[in-house]
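Got the viewer up and a selection box ready? Let's walk through this one stop by stop.

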Amino acid sequence: VMHINSFGLVNYLNNDLEKKIYVYPNPTNQNNIRLVVMDTNIKIEEIKIINVIGNQQGYSFTNIAESINITTLKDGIYSIQIRTNKGMIMKRFVRL
């Protein structure tokens, strides 16, 4: 499925995958977020955190830990590009 996101970028998203991965907590004022995967067959391979103007925020993980430290992010809206063994999706979260 082709999707033009709020940044004007074209993404090819997997709608089924979109429903099986969540950012928690969201919104957050905590120092860490988690990606909750609802299907044990889905393996996260890489994530990138992107700000509202499309700049990567220095975060690119290939070894996904239990939680993602976001202490250096300023308050605002961010997207997480999530690449899995089943495809790629974008999720948003709000840092308060």
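Which residue in β4 is the bridge partner of Tyr22? Select Val36 and you have it: that is the residue in β4 that Tyr22 pairs with. Keep in mind that you're looking at a predicted model.

**Stop 1: β3 and β4.** Show both strands: they run antiparallel, with four bridges joining them. Now turn on the side chains of β3 and watch them alternate. Ile21 and Val23 point to one face and are buried, while Tyr22 and Tyr24 point to the other and are not.

**Stop 2: the core.** Select Leu35, Ile49, Ile80, Ile82 and Phe93, the residues with the most contacts inside the largest nonpolar core, which has 17 residues. The elements giving two or more residues to this core are β3 (21-24), β4 (32-37), β5 (44-51), β8 (76-84) and β9 (87-95). Centre on Leu35 next: setting aside neighbours within four places in sequence, Leu35 is in contact with Tyr22, Val23, Ile44, Ile47, Ile68, Ile80 and Ile82.

**Stop 3: the rings.** The structure holds one aromatic pair. Pick Tyr78 and Phe93: their ring centres are 5.5 Å apart and their planes sit at 20 degrees, so the pair counts as stacked. Tyr78 is in strand β8 and Phe93 in strand β9, 15 residues apart. Tyr78 is buried at 6% relative accessible area, and Phe93 is buried too, at 0%.

**Stop 4: Lys91.** Go back to Tyr22 and add Lys91, whose charged end sits over the ring of Tyr22, 5.3 Å from its centre. Then add Glu18: its side chain meets that of Lys91 in a salt bridge (3.9 Å, N to O). This pair links helix α1 (residues 15-18), home of Glu18, to strand β9, home of Lys91, 73 residues apart. Buried or partly exposed, which is Lys91? At 13% relative accessibility, Lys91 is buried, whereas Glu18, at 23%, is partly exposed.

**Stop 5: more salt bridges.** The total is four. For another, select Asp39 and Lys20, whose side chains meet at 3.6 Å, N to O. Asp39 is in the loop between β4 and β5 and Lys20 in the loop between α1 and β3, so the pair ties together parts 19 residues apart in sequence.

Finish on Arg83 and Glu46, with their closest N and O atoms 3.1 Å apart. Arg83 lies in strand β8 and Glu46 in strand β5, so parts 37 residues apart in sequence are tied together. Add Glu45 to the selection, and you have one network of Glu45, Glu46 and Arg83, joined by salt bridges that share partners.

Terms used. Residues are numbered from 1 along each chain as its sequence is written. This is a predicted model: local features need pLDDT of at least 70, side-chain atom pairs count only at pLDDT 80 or more; totals for chains, interfaces and linings use all residues. Side-chain values use heavy atoms; hydrogens and water are left out. A nonpolar core is a set of buried Ala, Val, Leu, Ile, Met, Phe, Trp, Tyr and Cys residues joined through side-chain atoms within 4.5 Å. Buried means under 20% relative accessible area, exposed over 50%, partly exposed in between (1.4 Å probe, protein chains only). Contact means heavy atoms within 4.5 Å. Two strands pair if DSSP finds at least two bridges between them. Rings of Phe, Tyr and Trp (its six-membered ring) pair if their centres lie within 6.5 Å; planes under 30 degrees apart count as stacked, over 60 as edge-to-face and the rest as tilted. A charge sits over a ring if NZ of Lys or CZ of Arg is within 6 Å of the ring centre and within 35 degrees of the ring normal.
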